[in-house]
Amino acid sequence: MKKTDLKKYLFAFIITAAIFLTATLLSGYFNSKKIDELRSIEDTISLDILSTETQFQLLEEASCEDISNSFLSQELGTLGERLSHTEDRRGSDKEITDLKRYYSLLLIKDYLLMKQVSEKCDFDPVFILYFYSNEGDCPDCIREGHVLTRLREEYPQLRIYAFDYNLDLSALRTLISIRAVENNLPALVIDDTVYYGFQGIRDIETIIPDLVDLREEGSATSTDPLPESSAE
Amino acid sequence: MITLPIIILYLLFFISLYFEVFLLITYFENSQNLKNEEENWQPSFYPSVSILVPCFNEETTLARTIESLLSLEYPKDKFKIIIINDGSTDNTQNVAMTFASHPQIEVYEKENGGKYTALNYGLTKTTSDLIGCLDADSFVNKNALKKIAKYFEDKETMAVIPSIKVHNPKNILQHMQHVEYSWGIFLKKMLSYLQALYVTPGPFSIIRREVYDTIGNYRHAHNTEDLEIALRMQSKGYKIVTAHQAYVYTVTPPTIKKLYKQRLRWTYGFIKNTIDYRFLLLKRKYGNLSILILPLGIFSIFSVLYFTTVVVWNVIEKIIEKYIEISTIGFHINWSNLKPDLFYLNTETIAIVGATLFCLSITLVLMGRKMADGQMKPLSLDLFYFLAFYAFIAPVWIAKAVYNVVFSKKTSWR
């Protein structure tokens with residue numbers, strides 16, 4: 001009878017299992033670092049918005065020029081992209097959902113603040129509220145995401161806020177209710193009008209004729225990310 | 001996200017990693033034996049040896065093969081070459097006859113019947129202690145036979161296989177095979193220590209005469225008679241070892257088509273012979289071959305197919321995504337998205353395990369190169385060719401071999 005060294009089989013198994021365990025621990029460590037990084041960005045944005053709000057309250061005593069041009073947090077876009085990527089990789093677990101809810105809240109606050117500042121300071125940005133779903137019931141959301149990403153690159157002053165329609169967040173539900181957005185996605189809110197279904201680049205340029213002027217003005221401001229991948 | 005394909009992938013990675021770890025343990029366990037073998041290779045006696053050279057249309061390589069055999073350092077009265085022309089339709093017979101007058105050479109001609117018939121014919125023409133075979137597209141190193149003879153000092157050793165290297169690699173395909181053969185040298189040495197060799201390759205494997213007397217001659221064995229006879233020997237508990245310093249050089253297929261045909265035959269032969277010898281599977285009395293190597297051989301075929309399917313599926317998905325994007329907004333590159341960002345580095349467990357598996361595979365390949373060429377040469381082009389192309393072309397013949405087995409389609413030699 002030939003030899004089979006069972007101890008060796010067991011030893012190899014233990015080493016392999018140890019490699020797997022180490023990989024799992026390393027993965028957990030790196031992933032928690034990433035979540036920490038996302039939280040840190042959210043905290044920074046939150047602080048930025050609070051600061052802008054405070055500046056805004058001081059407007060009565062100060063001129064519009066005193067308000068920092070950077071109040072529109074540059075990091076909202078980065079955060080959105082990273083959240084979308086993490087959601088793709090991990091799925092919508094509780095940790096990700098919480099981060100996403102906080103992020104959506106920040107988007108809404110940024111949107112409201114921008115509206116107030118633009119009224120006071122005679123600043124006229126174009127807003128697009130984009131509602132998508134990533135529950136597999138919105139095949140056109142992927143294409144709409146591409147269109148809005150492209151528009152954002154082409155018209156830097158265009159302010160696009162993307163919201164997951166199904167996210168459980170009372171502020172978002174209120175926004176949806178105020179704008180009377182139905183669950184017929186993708187949906188865009190432009191100048192208080194809701195547009196349902198896929199809108200191509202030309203459609204949006206037709207809806208917003210001022211876009212061409214914006215292209216020429218061209219100063220870069222941050223906008224939110226467009227989760228074409230999370231719409232999958 | 002944990003899905004069924006990911007779970008299967010984890011399982012495949014675990015088993016692959018387990019095998020590589022097992023090989024590494026075997027290597028470290030036998031490092032002293034390896035050193036002893038390398039230092040002490042001169043045989044104390046020289047058994048008589050006959051080398052069978054079956055040939056079918058080998059007019060271009062036969063003369064060099066015979067000349068390399070004649071230049072072997074081995075007592076002339078103990079060494080004989082038997083050329084068997086298996087019904088060649090080219091000038092092979094005339095080339096063979098130019099050696100007919102040599103005292104160590106006998107030339108025979110028979111009707112074409114396939115390699116195994118030529119070998120069996122040759123077996124009837126010799127009474128030597130040891131009988132080997134050399135394909136007529138292979139050449140031997142001068143001291144290869146002496147190094148092989150040394151291993152027959154152990155009376156339990158019934159067959160010794162050499163280390164096969166690629167002869168004069170010229171194109172990308174042959175350089176790629178050069179790395180593959182180097183890895184094969186390492187693998188076969190480890191399988192030798194595990195007593196789990198499942199093939200006695202055509203180029204210069206030497207077998208004791210009594211093996212044929214006991215278990216019979218070569219069989220058709222799905223055109224892989226060298227694999228079948230090894231399995232038959234293993235089923236009888238015979239010891240097969242590797243003389244890793246006995247080098248044989250073989251001409252490898254220079255074109256994709258020829259490589260495909262060769263590998264299709266090998267893979268098909270492995271599957272069919274494993275099916276024929278399925279009684280060897282998962283029985284402790286047959287040793288590591290039964291418990292580990294044969295099951296892993298089958299596993300590797302299906303894991304390659306599964307992994308390839310996953311990769312192809314992902315590529316198709318990406319192409320569809322890109323098509324949707326281009327058809328929606330036209331072709332456009334956002335250069336700012338191309339900036340490297342560590343955040344997007346995949347740090348999932350499967351990715352870390354995959355990277356570990358990849359690094360370990362490269363380490364084993366480099367160890368094979370060290371064993372074969374004396375140095376690792378980690379930055380050589382042939383290693384790049386191997387990494388860049390092999391994984392893409394191997395699944396093709398593996399898939400076809402499985403298809404042929406499932407639908408009972410036979411493979412041919414040429």
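**Exercise 1. Identify the residue of β2(A) that stands opposite A:L129, and place the two strands in their sheet**.

Step 1. A:L129 stands opposite A:Y161 in β2(A). Helices and strands here are DSSP runs, numbered from the N terminus, with at least four residues for a helix (H or I) and at least two for a strand (E). The structure is a predicted model, in which local features need pLDDT of at least 70, side-chain atom pairs count only at pLDDT 80 or more, and totals for chains, interfaces and linings use all residues. Residues are numbered from 1 along each chain as its sequence is written, chains are lettered from A and ligands numbered from 1 in the order in which they are written, and side-chain values use heavy atoms, without hydrogens and water.

Step 2. Strand β1 (residues 126-132) of chain A runs parallel to β2(A), joined to that strand by 7 bridges. Two strands count as paired if DSSP finds at least two bridges between them.

Step 3. The open sheet of chain A has 4 strands in the order β2-β1-β3-β4, with mixed pairing. Because β2 (158-164) and β4 (193-196) of chain A each have a single partner strand, one side of each is left without a neighbour in the sheet. On average, neighbouring strands of this sheet are turned by 20° against each other, direction ignored; axes are lines fitted to C-alpha atoms, for helices over the stretch in contact, and angles run from 0 to 180 degrees between N-to-C directions.

Step 4. Helix α3 (residues 94-120) of chain A packs on the sheet and touches β1 and β2 of chain A, contact meaning heavy atoms within 4.5 Å. Helix α4 (residues 139-154) of chain A also packs there, touching β1, β2 and β3 (187-190) of chain A, at about 160° to β1(A).

**Exercise 2. Describe the contact of chain A and chain B**.

Step 1. Chain A and chain B contribute 41 residues each. About 3900 Å² is buried between them, 64% of it from carbon and sulfur atoms; buried area is the accessible area (1.4 Å probe) that two parts lose on being put together, summed over both.

Step 2. Across this interface there are 2 salt bridges, where a side-chain nitrogen of Lys or Arg lies within 4 Å of a carboxyl oxygen of Asp or Glu. A salt bridge joins the side chains of A:K8 and B:E29 (2.9 Å, N to O).

Step 3. On the side of chain A that touches chain B, α1 (6-57), α2 (75-90) and α4 of chain A each supply at least two residues. The most come from α1(A), with 20 residues.

**Exercise 3. State the strand order of the open sheet of chain B and identify a helix that packs on the sheet**.

Step 1. The 8 strands follow the order β3-β2-β1-β4-β7-β6-β8-β5 (chain B), with mixed pairing. At the edges are β3 (105-110) and β5 (138-140) of chain B, each paired on one side only.

Step 2. Strands β1 (residues 49-55) and β2 (residues 79-86) of chain B pair in the parallel sense over 7 bridges. The bridge partner of B:L52 in β2(B) is B:I82.

Step 3. Helix α3 (residues 62-70) of chain B packs on this sheet, touching β1, β2, β3 and β5 of chain B, and makes about 15° with β5(B).
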